[in-house]
Amino acid sequence: MRRPAAEFARNALHWLYPDVCLVCGAGFGAPRNGMCESCRHAVTTDPFPACPWCAQTVGPHTDTASGCAECRGHALGFERAHRLGPYNGVLREAVLRIKALSGEGLADMLGRAFAECRGAALRAEAPDVVAPVPLHWWRKWTRGYNQSEAVARELAAGFGVPFAPRLLRRVRWTPQQLQPTRAARKENVKGAFGVARSARVLGKAVLLVDDVMTTGSTLGEAARTLTAAGAARVIVAVLARK
Ligand SMILES: [Zn+2]
Ligand SMILES: [Zn+2]
């Protein structure tokens, strides 16, 4: 159930300024659907090739058959990762904005854009269920909503696949992922997640959604939790890859 305050804030900016782009603030001249053409083009156009395993930007001639420089030889915890784009420019700006209380309208929009412009690749993964990486309840309460949940909901709707916002839950608070090494970050998030009802995961291909992937440690731990509970495969989808 949504809190009324979050519900109110959901599209507050859009109600106040229906003809202003939620990303750049430019006026449309006429009411539109929240994002100007220029911003929409910027967030849906990935200018670089990405590693099919970890979604990191790679050079145009990089052989990614067995991973890229960042993920080769490391167990990611998930099968593959897709991104809307790299974490820079307009997409970075948009992702920063969806972390604000009034950002849910924009998060919905980015989720729809993700489903529309990467639909073929994501559909080819044949997910049975779409689930967000959960926020700790305190973080969700202070933010008013979980931005990854909004994106996941739009992806699920776009593909006609069941949406399971509570498939995973945070079972403990984790400090921010600022540890310098991959091993330390992995340790930091170890045991952070739990599966509410294993029966819902058993044998399923899960599309696991987050707003940003930085090192992949959090997504890896969430994916490992799902696999341990019986998921057949876990594929990751993120708006932006750092
Ligand atoms: Zn704009
Ligand atoms: Zn990679």
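What follows is a walk through three helix packings and the largest pocket of this predicted model.

Local features here need pLDDT of at least 70 and side-chain atom pairs count only at pLDDT 80 or more, while totals for chains, interfaces and linings use all residues. Residues are numbered from 1 along each chain as its sequence is written, and side-chain values use heavy atoms, with hydrogens and water left out.

Let's begin with helix H3 (residues 37–44) and helix H5 (residues 104–117), whose axes come within 10 Å and cross at roughly 60°. Helices are DSSP runs of H or I with at least four residues, strands are runs of E with at least two, and both are numbered from the N terminus. Axes are lines fitted to C-alpha atoms, for helices over the stretch in contact, and angles run from 0 to 180 degrees between N-to-C directions. H3 and H5 are therefore oblique to each other; angles under 35 degrees count as roughly parallel, over 145 as roughly antiparallel, 65 to 115 as roughly perpendicular and the rest as oblique. Arg40, Val43 and Thr44 of H3 touch Leu110, Ala113, Glu116 and Cys117 of H5, where contact means heavy atoms within 4.5 Å. Those contact residues divide into four nonpolar, one polar and two charged. Here Ala, Val, Leu, Ile, Met, Phe, Trp, Tyr, Cys and Pro count as nonpolar, Asp, Glu, Lys and Arg as charged, and the others, Gly among them, as polar.

H5 also packs against H8, with axes that come within 8 Å and cross at roughly 40°. That angle makes H5 oblique to H8. On the H5 side the contact includes Glu104, Ala107 and Phe114, and on the H8 side Val151, Leu155 and Phe159 are among the residues met. The contact of H5 with H8 holds seven nonpolar, three polar and five charged residues.

Next come H9 and H10, packed at an angle of about 50° with their axes 9 Å apart. Arg185, Lys186 and Val189 in H9 meet Ser217, Thr218, Glu221 and Arg224 in H10. This contact has one nonpolar, two polar and four charged residues.

Thr218 leads us on to the largest pocket, since Thr218 lies among the residues nearest its centre, together with Lys99, Gln176, Gln177 and Thr214. The lining numbers 30 residues: 11 nonpolar, 12 polar and seven charged. Helix H7 (137–143), helix H8 (147–159), helix H9 (182–189), strand S5 (205–213) and helix H10 (217–228) each supply at least two of them, and S5 gives the largest share, four residues.

Conventions:
Chains are lettered from A and ligands numbered from 1 in the order in which they are written. On a 1 Å grid over the protein atoms alone, a cavity is a set of points where a 1.4 Å probe fits but cannot get out, and a pocket is an open set with protein on both sides within 12 Å along at least five of seven lines; lining residues have an atom within 4 Å of a point.
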